[in-house]
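Reader: Could you take me through this structure, please?
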Amino acid sequence: MPLDRYVGLSGQKWAGDLYIGVGVSGAIQHLLGIKDVKTICVINNDEAAPFFENCDYGIVGDFHEVLSLLIEEING
Ligand SMILES: Cc1cc2nc3c(=O)[nH]c(=O)nc-3n(C[C@H](O)[C@H](O)[C@H](O)COP(=O)(O)OP(=O)(O)OC[C@H]3O[C@@H](n4cnc5c(N)ncnc54)[C@H](O)[C@@H]3O)c2cc1C
């Protein structure tokens with residue numbers, strides 16, 4: 001990934017309403033890029049991933065499965 005695609009210390013900072021971390025561990029360097037986001041959601045298949053300590057909503061599961069369900073729900 002080029003640096004301009006990173007979220008975090010070395011790349012983009014973002015302060016929007018909703019961030020969804022998909023298969024992201026939640027390293028401190030990444031969290032620095034989203035510290036001003038209003039609502040942080042995380043999908044990770046490792047319930048011990050550090051990101052779960054730093055989010056508003058967390059789903060433990062395989063992102064392939066979880067994203068399919070979310071897309072289905074959004075599309076009605
Ligand atoms: C000086 C410095 C600057 C840095 N700057 C940045 C920066 O700006 N941004 C940044 O992001 N990092 C930065 N890093 C790197 C940072 O320390 C981490 O190594 C990096 O954020 C890890 O990326 P990751 O979470 O995508 O990958 P990984 O640590 O490999 O984590 C992948 C995660 O995905 C989960 N996962 C895997 N498969 C699935 C699946 N099928 N379904 C659901 N979950 C799954 C795993 O459980 C794991 O938690 C920097 C490091 C240093 C030393």
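The conversation below covers the ligand, the core and one strand residue.

Author: This is a predicted model, in which local features need pLDDT of at least 70, side-chain atom pairs count only at pLDDT 80 or more, and totals for chains, interfaces and linings use all residues. Residues are numbered from 1 along each chain as its sequence is written, and side-chain values use heavy atoms, with hydrogens and water left out.

Reader: How many residues surround the ligand, and which are the closest?

Author: The ligand is surrounded by 18 residues, and the closest are Val 7, Ser 10, Ser 25, Gln 29 and Asn 44. A residue counts here if one of its heavy atoms lies within 4 Å of the ligand.

Reader: What does an oxygen atom of the ligand approach in His 30?

Author: An N or O atom in the His 30 side chain lies 2.9 Å from a ligand oxygen. The protein buries 56% of the 990 Å² that the ligand exposes when taken alone, as computed by the Shrake-Rupley method with a 1.4 Å probe.

Reader: Changing topic, which residues form the largest nonpolar core?

Author: It has ten residues, including Tyr 19, Leu 31, Phe 51 and Phe 52. Such a core is a set of buried Ala, Val, Leu, Ile, Met, Phe, Trp, Tyr and Cys residues joined through side-chain atoms within 4.5 Å. Buried means under 20% relative accessible area, exposed over 50%, and partly exposed in between (1.4 Å probe, protein chains only).

Reader: And where is Ile 20 found?

Author: Ile 20 belongs to strand E1, residues 18-22, strands being DSSP runs of at least two residues, numbered from the N terminus. Ile 20 counts as partly exposed because its relative accessibility is 42%.

Definitions and conventions
A polar contact is a pair of N or O atoms within 3.5 Å; within protein, one must be able to donate a hydrogen and the other to accept it, and residues adjacent in sequence count only if both atoms are side-chain atoms. Helices (H or I, at least four residues) and strands (E, at least two) are DSSP runs, numbered from the N terminus.
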